[in-house]
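User: Please walk me through the strand and helix packing of this model. Keep it brisk.

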Amino acid sequence: MLITLEGIDGSGKTTVWEALHDVYPDATFTREPTDSWYGEAVGRSMADADADPLAELFLYTADHANHLSETVRPALAAGDLVISDRYSDSRFAYQGATLARADAGVQRPLEYVRGIHSAFSRPPDATIYLDLDPETAAERSGRTDKFERDGYLAAVRDNYERLIDADPGRFHRVDASRAPEDVIARVEEVVADLVDR
């Protein structure tokens, strides 16, 4: 089973992901961007305020393709539970918003990004969406890079809502405005229920 953790910056995905390590020590824990050279290229692009949005999308997509072949598919083939801190939905939401705001000449950017992935990606079995308002998210994340601005995060959150509306059975919404221990406890309940199924 592939379970992904999604949400805008500052929603607590990484904190939850780290907490789940103790509960599922035999699971394969992974994340995007990865620590491969593809992921390093993504990191350089993220740090560049003037990075071309379309080029950046394809860096993320290359990192995702490598992540699938090197980590996700082998772990699933071995029967492992795989828990990923960010996955394809992050790309749909974030790069869809980036392309729309940059006026990159791409019609229906969210659908465009999803279409690129549809030919090769492996959809998650379940996605835990940590829901947080953009203002709180930007404050928590420190507004330190181009992806952590209130207006941008609002557009990303709107994209997540569109993804949830399109596939409501896969998403499990968790209120990320609550205390961290409450968020962790709720996510652990959701994951336990998914694994027991």
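Analyst: Two strands pair if DSSP finds at least two bridges between them. Helices (H or I, at least four residues) and strands (E, at least two) are DSSP runs, numbered from the N terminus. The model is predicted, with pLDDT of at least 70 needed for local features and 80 or more for side-chain atom pairs, while totals for chains, interfaces and linings use all residues. Residues count from 1 along each chain as its sequence is written, and side-chain values use heavy atoms, without hydrogens and water.

User: Which residue in β5 does L130 stand opposite?

Analyst: Strand β4 covers residues 126–131 and pairs with β5 in the parallel sense, over five bridges. Opposite L130 in β5 stands V174.

User: Which strands stand at the edges of the sheet?

Analyst: The sheet is open, has parallel pairing and runs β2-β3-β1-β4-β5. An edge strand has a single partner, so one side is left without a neighbour in the sheet; here these are β2 (28–31) and β5 (171–175).

User: Are α1 and α8 oblique or parallel to each other?

Analyst: Helix α1 (residues 13–23) packs on helix α8 (residues 180–196) with axes 10 Å apart, at about 55 degrees. Axes are lines fitted to C-alpha atoms, for helices over the stretch in contact, and angles run from 0 to 180 degrees between N-to-C directions. Under 35 degrees is roughly parallel, over 145 roughly antiparallel, 65 to 115 roughly perpendicular, and the rest oblique. The two helices, α1 and α8, are therefore oblique.

User: At what angle does α3 run to β2?

Analyst: Helix α3 (residues 53–77) lies across β1 (2–6), β2 and β3 (82–85). Its angle to β2 is about 155 degrees.

Methods
Contact = heavy atoms within 4.5 Å.
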